[in-house]
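Work through these exercises with the sequence and the model open beside you. Try each task before you read its solution.

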Amino acid sequence: MANSQKNSIGDKAAKASFFLLAGVFYSRIINMLTTILLARLLVPADFGLVALATTLLLMVNAMTELSLGSAMIHHKELTQNDFDTAFTLNLMRNLLISAVMVVAGFVMAEIYNDPRLTAICAGLALRPFVAGFGSPRYVLYAKELQFGTIALQEGLNYTAQLIISVLVAYYTRSYWAIVAGAVLASVVGTIMTYIVAPYIPRLSFASSRKILGFSVWLTLNQILTIVGNRFEGFIAGGSLGLSVFGAYSVGNNMAGVINQSAIQPIQRVLFPGFSKIQDDRDRLRQAFQKGQATLFAFGFAVGIGTALVAEPFIYLALGPNWSVAVIVMQTISPVLGAQIVFGPTNALANALGATRMLFNRSLILVLARIPIVLVGLLYYGMPGLLIARFVMGGIITSIVNFYVIRSLIGFGPWEQFAVTWRSWISGFAMAAACLAVRYALGPVTSSYDAVVMLAIQVPLGAFVYCSVHVSLWLAWGRSPIGIEPEIVKMSAKALGWLRHRRGKIA
């Protein structure tokens, strides 16, 4: 019975990872395509202007985050009062966010001496207002690892955002295209929650203590995380100028979009998966290592690869006027790729109920990040900002996360390196091969150069990374922990399914 349950959870997690990977990959491609098309129709200053308002929305959103979905996934049994309370709390929170955005728009217009920010903030306020009416029963899909519906919904959101934002940009050449796309995506998303998870709205606070008791530390952690990651946006927008800040935002978002495609699908599956085995410490430790190895094998390759092809990709996609975005992607992408090794940490802490530890971690990182980023940005401009982010993400964040993981399940740095070393070596081999091509071909000065560079670097990098990874796995005893055995297992199941289908046809 135990083995059957174990296999059932594993199969559901594997299927959920596949659907979510496909859905998130589609969503990120659409998101990237939206950015590329808008960059062709708008100017960097437009992105910088909306980025200021978006940064404010993200920070207000984080400061009021209640982590209701995480709380409902954590609790094994949910009642009607739980859903009604979650709806009520979410509605009140989002109405508050909308009001704050409208008022803050006037303040930002005064601070940056740009009256356009008043209307932009008011427009973006519609996004949380609409999202506040979403169905609370939608979380059941994540709780039961049914991510196919979630992937479909998110794909529709981004598709709607692409269509409306590009159409508005084409006809108006205005920054309002970005705002319109974001709002419409929220409308589509909210409608979809009721189509797939019907619910009759009721106001209630009956389960407030049950839900908020779990989520309070998650809320505080989310506040610190967003403040730490986004506070430089307000300062950079004023000190660097809207055009440079707009290019920085695009480069940062492009690096994040590509890396999030690697980490989000599996990471979102890990929390409900870990929650189901939280009482079996041995299985939990093994599942964490498998998740860590799989995430890193994929995410590190994407992070390094993104940095290596940033120059030809940006030139071809956005044009020659976005050189700042190239430098940002080349600096930030490897850091984000390396940090993916700690991707399962949040899911592990949430499953174990150690949410206060996540808050303590975020507090330490924020206290370290603020002075480092401020000194880098204010004294050395863009280069200082990028160096500060590299130091924070590459060194300080790693040290803190090593300590958190050791505290949760007893794994030190060596145990984590033992399941990821093949990815490190493969990544450096890929970088060496692609840099050799870059040296041989020279800098990109035309679209033709960009196409040639991408046509050679992308397949070469993928081949080198995969071949080195598999070779090391075969040479060192075929470890059961890593992405290779998972691929072998999934391939065997796929072949078995095909043989079964052929047998039925015959």
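A polar contact is a pair of N or O atoms within 3.5 Å; within protein, one must be able to donate a hydrogen and the other to accept it. Keep in mind that this is a predicted model.

**Exercise 1.** Find the backbone nitrogen that the side chain of glutamate 311 reaches, and place glutamate 311 in its surroundings.

*Solution.*
Step 1. Locate the residue. Glutamate 311 sits in helix H13, which covers residues 310–317.
Step 2. Follow the side chain. It reaches the backbone nitrogen of valine 444 at 3.3 Å.
Step 3. Compare with the cut-off. A polar contact needs N or O atoms within 3.5 Å, and the distance here is 3.3 Å.
Step 4. Widen the view. Setting aside neighbours within four places in sequence, glutamate 311 touches Val326, Gln330, Arg438, Pro443 and Val444.

**Exercise 2.** Decide whether threonine 420 is buried or exposed.

*Solution.*
Step 1. Find the residue. Threonine 420 belongs to the loop between helix H17 (413–418) and helix H18 (421–441).
Step 2. Recall the cut-off. Buried means under 20% relative accessible area.
Step 3. Apply the cut-off. Threonine 420 has a relative accessible area of 3%, so this residue is buried.
Step 4. List the contacts. Beyond neighbours within four places in sequence, threonine 420 meets Gln292, Ala293, Phe296 and Val341.

**Exercise 3.** Classify leucine 126 by its accessibility, then name the surface patch that includes this residue.

*Solution.*
Step 1. Find the helix. Leucine 126 is part of helix H6, residues 126–131.
Step 2. Read the accessibility. The relative value is 44%, so leucine 126 counts as partly exposed.
Step 3. Identify the patch. Leu126 joins Leu95, Phe129 and Phe133 in a nonpolar surface patch of about 330 Å².

**Exercise 4.** Work out why helix H15 is largely enclosed by the rest of the structure.

*Solution.*
Step 1. Count the buried residues. Helix H15 (residues 344–351) is largely enclosed because seven of its eight residues are buried.
Step 2. Name these residues. They are Pro344, Thr345, Ala347, Leu348, Ala349, Asn350 and Ala351.
Step 3. Look just past the helix. Glycine 353, just after H15, takes a positive phi of about 75 degrees.

**Exercise 5.** Describe the chain as a whole: how many helices and strands are there?

*Solution.*
Step 1. Count the elements. The chain has 20 helices and zero strands.
Step 2. Turn to burial. Of the 506 residues, 54% are buried.
Step 3. Check the contacts. Among those between residues at least 6 apart in sequence, 84% join residues at least 24 apart.
Step 4. Finish with the surface. The accessible surface is about 22,800 Å², and 67% of that belongs to carbon and sulfur atoms.

Terms used: Residues are numbered from 1 along each chain as its sequence is written. This is a predicted model: local features need pLDDT of at least 70, side-chain atom pairs count only at pLDDT 80 or more; totals for chains, interfaces and linings use all residues. Side-chain values use heavy atoms; hydrogens and water are left out. Helices (H or I, at least four residues) and strands (E, at least two) are DSSP runs, numbered from the N terminus. Contact means heavy atoms within 4.5 Å. Patches are made of residues with over 30% relative accessible area and no salt bridge: like charges are joined within 9 Å, nonpolar side chains (Val, Leu, Ile, Met, Phe, Trp, Tyr) within 5 Å. Accessible areas come from the Shrake-Rupley method with a 1.4 Å probe; for residues, only the protein chains shown count as cover. A salt bridge is a side-chain nitrogen of Lys or Arg within 4 Å of a carboxyl oxygen of Asp or Glu. Buried means under 20% relative accessible area, exposed over 50%, partly exposed in between (1.4 Å probe, protein chains only).
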